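Here is a walk through one protein model, going from a single residue out to the whole fold. Have the sequence and the 3D view open as you read.

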Amino acid sequence: MLTFNFSKIKLDNPDGVMLDLGCGEGRHIFGTMESFPNMQCVGLDPHLESLDKSLEGLEFFESISNKKTTFLSGSAYKLPFHNNTFDLVICSEVLEHLHNYKEAIDEISRVLKPGGKFLASVPAEFPEKVCWALSKEYQNQPGGHLRIFKKKALLKDISSRGFVYLDSERFHSIHSAYWWLRCMFWKNQDTNLLVSWYKKLLETHILKKPAWIDFIDRLFNPVLGKSIAFYFEKK
């Protein structure tokens, strides 16, 4: 389940190197390989359990790419790479978890080449506000979201650190209602029938992409999209 449209970006060097910062199990590395099969991909995440799962799929990742893939453990505040290393940096659903997210953006700027593309996504303001209003537990869960970003404020934060704003869009509108249901029934969400039914609906969408669900998702994305994706270029 991707949170970016890779057809929206044109890389100066599509045979270069990309970094997925906070890669989790590697979903955006998979998306990058599909669009840029000659790009070397590096995934970095501090959570060893997620990295273990990504390594389990390493053979699959490399079967759809012409280059090697590397997964590393590390911190967004001190990236273990030289200046101007990457042609593309992806940071999806990470900044809202970081106490000092501006320091992470500075690091991304440091390791990205001039003219390189930076794709960032965070929870969109309205759906996230509803989640916070419905459940204190959602707000306070360990490793949870520390803030709700406003679009204009985040654009200013990133643009002031050497980036040119290109575009933005919303994704995953049908996921907003799922998280609202989870927040409404937080204490018994694992056994709630409505939450379970909706989860199956999302799984059907992800695995089979029925046209009618996809249409509803795209129709409501501009208003209810759970994530907002930004496209930037380093000056």
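Let's start with threonine 32, which is found in helix H1. Helices here are DSSP runs of H or I with at least four residues, strands are E runs of at least two, and both are numbered from the N terminus. Before going further, a word on the source: this is a predicted model, where local features need pLDDT of at least 70 and side-chain atom pairs count only at pLDDT 80 or more, while totals for chains, interfaces and linings use all residues. Residues are numbered from 1 along each chain as its sequence is written, and side-chain values use heavy atoms, with hydrogens and water left out.

Is threonine 32 buried or exposed? It counts as buried, at 0% relative accessibility. Buried means under 20% relative accessible area, exposed means over 50%, and partly exposed is in between (1.4 Å probe, protein chains only). Leaving aside neighbours within four places in sequence, threonine 32 is in contact with Phe6, Met18, Met39, Cys41, Leu88 and Ile90; contact means heavy atoms within 4.5 Å.

Helix H1 covers residues 27–35, and its buried residues are His28, Ile29, Gly31, Thr32 and Met33. They pack against S1, S2, helix H3 (58–63), strand S3 (69–72) and S4.

Further along the chain, isoleucine 174 sits in helix H8. Isoleucine 174 is buried too, with a relative accessible area of 8%. Its contacts, not counting residues up to four places away in sequence, are Tyr198, Leu202, His205, Ile213, Ile216 and Asp217.

Now for the cores. A nonpolar core is a set of buried Ala, Val, Leu, Ile, Met, Phe, Trp, Tyr and Cys residues joined through side-chain atoms within 4.5 Å. The largest one has 31 residues, and Leu19, Leu21, Phe81, Phe86, Leu95, Phe118 and Phe163 touch the most other members. Elements giving two or more residues to this core include strand S1 (17–21), strand S5 (112–123) and helix H7 (151–159). Helix H4 gives the largest share, five residues. There is also a second, separate core of 20 residues, with Phe6, Ile9, Met39 and Phe171 among them. In soluble globular proteins, nonpolar side chains tend to be buried together.

Phenylalanine 118 touches Val89, Cys91, Ile108, Leu112, Ile158, Phe163, Phe230, Tyr231 and Phe232, leaving out residues up to four places away in sequence.

Two loop residues have a positive phi despite not being glycine:

| Residue | Phi | Loop |
|---|---|---|
| Glutamate 93 | near 55 degrees | between S4 and H4 |
| Histidine 172 | near 65 degrees | between strand S6 (163–171) and helix H8 (173–184) |

Histidine 172 counts as buried, at 9% relative accessibility.

Finally, zoom out. The protein has 10 helices and seven strands. Its radius of gyration, taken over C-alpha atoms, is 18 Å, close to the 18 Å that the globule rule gives for 235 residues, so the protein is as compact as a globular protein of that length. That rule is 2.2 Å times the number of residues to the power 0.38. The C-alpha trace spans about 50 × 40 × 35 Å along its principal axes. Of the 235 residues, 50% count as buried. Among contacts with a separation of 6 or more, 79% join residues 24 or more positions apart.
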